Amino acid sequence: MDGRPPSALAQALAHNLLAYQSFEPGVSNEYPIRSMAQLPPLPLQWQGPEHRFWSKRTDRSGWVEEVQIGKPRHVLILVENLPVPFDRRVWQEALALQSAGHVVSVICPKGKGFNDSYELRDGVHIYRHDLVEATSAKGYPAEYITALVHQLRLSLAVRRRQRIDVIQACNPPDLMFLIALFHRLLFGTRFLFDHHDLSPELYFSRFGRKDALYWVLGLLEKLTFRVADASIATNETFRDIAIARGNMPADRVFVVKSYPDPAKTHRHTPEPALVDDGKYIVGYVGIMGAQDGVEMLVRAMDHIIYARGRNDIKAVLVGDGPEYERLRALAETLRLGDALQFTGYLSGPTMMRHLSAFDIGVIPDPPNGCNEKLSMNKVFEYMMLGIPFVQFDLAQARREAGDAALVTMRHSAAALADSIIALADDSTRRRQMAKTARAIAGRDFQWSTQATRYLAAIDSIFTAEDVPT
């Protein structure tokens with residue numbers, strides 16, 4: 001045999017996984033369960049001794065080939081700061097695992113409309129817990145300790161149902177290695193660190209001080225890397241940090257970028273209510289936290305409307321977050337009225353219709369030691385949709401956007417407003433930027449390639465085989 005499963009076994013496995021998406025005929029796979037006692041056993045994994053799982057990928061020439069990715073595992077993903085599937089990166093990773101035949105469980109907080117304690121969605125088991133987000137530096141210890149208690153409790157509940165082979169922790173915070181260490185010492189579970197944010201830099205960007213908590217965060221980051229069997233980074237800058245600051249072996253760090261799924265991220269007919277008045281639409285999509293700089297965009301709109309007298313430009317802000325209500329109150333105080341609209345959280349085709357109405361996107365994140373290293377989802381989403389955008393001088397975003405972005409060198413509301421107006425008044429430049437964005441996205445932003453790297457990283461924890469980094 002060549003190692004591939006016989007077709008009959010492959011079909012039986014696929015049937016088993018698909019059938020498990022509903023607990024009974026006619027029941028949606030989005031099935032909420034309130035009690036752990038109601039949960040049936042996880043689906044049996046196929047444990048043929050000579051067989052390994054295979055996955056399809058497309059190489060650069062367009063040929064589809066099958067790639068051996070290892071035997072099926074049970075992967076438990078921990079997320080503290082966002083619910084799933086709201087966290088797009090984590091959700092895409094979970095679906096990649098599930099599609100490859102692995103069993104996937106996720107522990108995350110409730111919120112954003114996802115409030116069921118348990119849900120089986122698209123074959124992924126999602127366990128959610130209550131969590132009160134901190135609003136100040138003093139509140140973070142209580143938030144993180146509460147989350148750890150819930151994660152430990154739920155991880156043991158998951159383990160009672162089936163052995164956990166890998167725990168993947170998605171920071172922030174850099175505390176979830178404690179859960180992984182507990183399971184490693186007692187059960188031999190492997191640990192994969194999914195490095196989303198630079199916690200020390202993020203803390204400094206939010207609170208502007210390098211106090212005791214800042215140094216504690218640096219220590220926790222080092223301990224996380226030390227415990228990890230492997231790490232995945234969102235870009236090459238993060239990979240360099242994992243190697244230099246985290247002392248991770250270079251061959252145990254894998255770059256998995258957060259490219260959106262092109263099947264779900266493409267232009268739709270613009271939302272009629274947004275475009276009917278014929279105004280230029282300046283848009284923002286994403287989380288609205290203190291570090292995201294959305295207040296700068298609100299104040300830029302104040303400058304556009306009142307200082308520059310431009311009533312032909314309006315802004316649409318898609319998303320929510322800790323700053324959402326404060327930003328709405330600020331817009332009311334500045335008397336922006338219909339010139340600034342907040343949509344709240346949107347998803348799916350509704351979000352795509354809103355984004356497709358944008359003439360100009362904005363990345364208002366301030367330049368600092370954290371943001372300049374981040375790969376931002378907004379960059380990828382704007383570019384895949386062919387939306388020219390304005391941003392401040394952020395090194396990583398500049399590298400990824402190229403000429404698809406207009407960089408504002410001075411960090412101020414007036415400078416951001418001037419750049420928005422300049423782009424609104426130059427239709428030729430907007431079209432060229434949009435063309436450049438689509439070309440870069442079509443060439444480079446392939447989630448299928450990143451999914452293959454992600455699956456290889458999972459498999460590398462259990463084998464000595466070389467995989468691409």
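How many bridges join strand 12 to strand 13, and which way do the two strands run? Select residues 280-285 and 313-318 to find out: six bridges join the pair, and the strands run parallel. Keep in mind as you click around that this is a predicted model.

**Stop one: the sheet**

While strands 12 and 13 are still highlighted, pick out valine 282, which stands opposite alanine 315 in strand 13. Now widen the selection to the whole sheet. It's an open one with six strands, and reading across you get 14-13-12-15-16-17, with parallel pairing. Colour residues 340-344 and 405-408 to mark strand 14 and strand 17, which stand at the edges. Each of these has a single partner strand, so one side of each is left without a neighbour in the sheet. If you turn the view to look across the strands, the twist to look for averages 25° from one strand to the next.

**Stop two: helices 3 and 4**

Next, select residues 140-161 for helix 3 and 177-187 for helix 4. Their axes come within 10 Å and cross at roughly 35°. The crossing of helix 3 past helix 4 is right-handed. Switch on side chains to see who makes the contact: helix 3 brings Leu148, Gln151, Leu152, Ser155, Leu156 and Arg159, while helix 4 answers with Leu178, Ile179, Phe182, His183 and Phe187. Sorted by class, the contact has seven nonpolar residues, three polar and one charged.

**Stop three: helices 2 and 16**

Now jump to residues 88-99 and 447-460, which are helix 2 and helix 16. These two pack with their axes 10 Å apart, at an angle of about 70°. That angle makes helix 2 roughly perpendicular to helix 16. Here too the crossing is right-handed. For the contact itself, show Gln92, Glu93, Ala96 and Leu97 on helix 2; they meet Trp447, Ala451, Tyr454, Leu455 and Ile458 on helix 16. The residues in this contact split into seven nonpolar, one polar and one charged.

**Last stop: threonine 269**

Finish on a loop. Is threonine 269 buried or exposed? Select threonine 269 and you'll land between strand 11 (253-255) and helix 8 (272-275). Threonine 269 counts as exposed because its relative accessibility is 62%, and the cut-off for that label is over 50%. Before you leave, add leucine 355 to the selection and draw a distance between the two C-alpha atoms: they are separated by 9.8 Å, although the residues are 86 apart along the chain.

Terms used:
Residues numbered from 1 in each chain as written. Predicted model: local features only at pLDDT ≥ 70, side-chain atom pairs only at ≥ 80, totals over all residues. Heavy atoms only, no water. Helix = DSSP H or I, 4+ residues; strand = E, 2+ residues; numbered from the N terminus. Buried < 20%, exposed > 50% of the residue type's maximum accessible area, 1.4 Å probe, protein only. Axes fitted to C-alpha atoms, helices over the stretch in contact; angles between N-to-C directions. Parallel < 35°, antiparallel > 145°, perpendicular 65-115°, else oblique. Left-handed = near helix turned anticlockwise from the far one by under 90°. Contact = heavy atoms within 4.5 Å. Nonpolar A, V, L, I, M, F, W, Y, C, P; charged D, E, K, R; others polar. Pairing = 2+ DSSP bridges.
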